[in-house]
Amino acid sequence: MVMANTMDRREAVAKLLAARNGALVVTGLGSPSYDVHAAGDRDDNYYLWGAMGGAALTGLGLAQAQPEKRVMVITGDGEMLMAFGAMATIAVAAPKNLDIIVLDNQHFGETGMQDSHTGCGIALDKVAAASGFAETGELHSLEEVDALTARLQTPTTGPRLFVLKIEAKNLPRSLPPRDAVAVKNRFRAHLGLGTC
Amino acid sequence: MTVADPISPDLTTQWPEALYGVLKAADIRQMSYVPDAGHSTLIRLFNADPAVKSNVLTTEEEGIAIATGAWLGGQRSVVLMQSSGVGNCINMLSLPVQTRTPLLMLVTMRGEWGEFNPWQVPMGRATEAALRAIGVTVLRAETGADVVAMVEQAASMAFDGDQQIAVLIGQRLLGKKKW
């Protein structure tokens, strides 16, 4: 069933990435990794294939290590629900260069489309706001994503989290490389760091 | 580290201060923690250090992801926790293990020596086995001099050799401190 007031996830992600403007990207496992890969495989994408609940905090460690660069985490509602406490940790850390995009289809899409908490009334943007994120919001259309891409170019005073309500569809998979060491090494090489 | 130097701190009591020196010498730039009394000196020293970003965690596995991100961005980090927290970390450890990302964890033990709380015993008993099962190298220190020497070489193994290493700090050692 397609929910009202939702958008196509691949189009939304493509818009965000077209305007990434040097941002380093970390993806949560499953469909968000496929969405980012579908928009074009790049050295400055870091895809997770597991470690559910780890995307936003991988983004935090990266943002703290690279304070001059913007870090954009693109993940799903299920992955972010497993990182519920991470919103407190990130709010306290207060990085000015970490943006979290939650692609929210209100379901666990990879495992049979079971309802997730976000379909039962939990609003992750409100949780982030209550935790102390500098900017938060819930978006329902690609037009709103266009406005968000412009907003993300502007400086901010702390971490930002935006929930994009997307259609609950399983699209054809666009699989990123599964060689975790190779993806790590090419990401570090992109930053001019040594690999081994 | 000049462990044998007579002007060095007395490692039977001042190993946390010496540990801080070892970690600074290893160029640690991020530290994350769920507090434990046995880590309190180290936490205080890092929190007061403007050259190190310290993150207080809601649960220990968060620190594993932060450490992975820090290395992706070119910084070395350390994660502090007590043994009960190791149980919270297991699936997240697949991230540094599978990506072969350096990881240094310092784990203060509970549930094994003079423990008054029986609820600490099961995870204390499982700590080393659980870490080994997921692929983390485990070192275990029982004296202050041991802790300092092991962390120094564990940092080298982790950051120069891409290993995932936990140094367990025995509760018998912690029991000698006043806390």
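Chain B puts 28 residues in contact with 27 residues of chain A. Keep in mind that this is a predicted model. Below: the interface first, then chain A as a whole, then a helix pair in each chain.

**Where chain B touches chain A**
- On the chain B side, strand E2 (53-56), helix H3 (61-72) and helix H5 (94-99) each bring at least two residues to the interface.
- H3(B) gives the most here, with 8 residues.
- Sort the chain B side by residue class and you get 9 nonpolar, 15 polar and 4 charged.

**Chain A overall**
- Chain A is built from 8 helices and 8 strands.
- Its C-alpha trace spans about 45 × 35 × 30 Å along the principal axes.
- The radius of gyration of chain A is 15 Å, and a compact globule of 196 residues would come out near 16 Å, so the two agree.
- Half the chain is tucked away, in that buried residues make up 50% of the 196 residues in chain A.
- Take the contacts in chain A with a separation of 6 or more: 75% of them join residues 24 or more positions apart.

**H1 against H7 in chain A**
- Helix H1 (residues 9-18) of chain A packs on helix H7 (residues 142-152) of chain A at an angle of about 15°, and their axes are 9 Å apart.
- Angles under 35 degrees count as roughly parallel, so H1(A) and H7(A) are roughly parallel to each other.
- The crossing of H1(A) and H7(A) is right-handed.
- From H1(A), the contact uses A:Glu11, A:Ala12, A:Lys15 and A:Leu16, while H7(A) offers A:Leu142, A:Val145, A:Asp146 and A:Thr149.
- In class terms, that contact of H1(A) with H7(A) has 4 nonpolar, 1 polar and 3 charged residues.

**H1 against H7 in chain B**
- In chain B, helix H1 (residues 11-25) and helix H7 (residues 144-161) have axes that come within 8 Å and cross at roughly 15°.
- H1(B) and H7(B) are therefore roughly parallel to each other.
- Their crossing, H1(B) with H7(B), is right-handed.
- On the H1(B) side you'll find B:Leu11, B:Thr12, B:Trp15, B:Ala18, B:Leu19 and B:Val22, and they meet B:Gly144, B:Ala145, B:Val147, B:Val148, B:Val151 and B:Glu152 in H7(B).
- Split by class, the contact of H1(B) with H7(B) has 9 nonpolar, 2 polar and 1 charged residues.

Note on methods: Residues are numbered from 1 along each chain as its sequence is written. Chains are lettered from A and ligands numbered from 1 in the order in which they are written. This is a predicted model: local features need pLDDT of at least 70, side-chain atom pairs count only at pLDDT 80 or more; totals for chains, interfaces and linings use all residues. Axes are lines fitted to C-alpha atoms, for helices over the stretch in contact, and angles run from 0 to 180 degrees between N-to-C directions. Helices (H or I, at least four residues) and strands (E, at least two) are DSSP runs, numbered from the N terminus. Angles under 35 degrees count as roughly parallel, over 145 as roughly antiparallel, 65 to 115 as roughly perpendicular and the rest as oblique. A crossing is left-handed if the near helix is turned anticlockwise from the far one by less than a right angle, and right-handed if clockwise. Two residues are in contact if their C-beta atoms, placed from the backbone, lie within 7 Å. Ala, Val, Leu, Ile, Met, Phe, Trp, Tyr, Cys and Pro count as nonpolar, Asp, Glu, Lys and Arg as charged, and the others, Gly among them, as polar. The radius of gyration is taken over C-alpha atoms; the globule rule is 2.2 Å times the number of residues to the power 0.38. A residue is buried if 20 or more other C-beta atoms lie within 10 Å of its own, exposed if 12 or fewer, and partly exposed in between; C-beta atoms are placed from the backbone.
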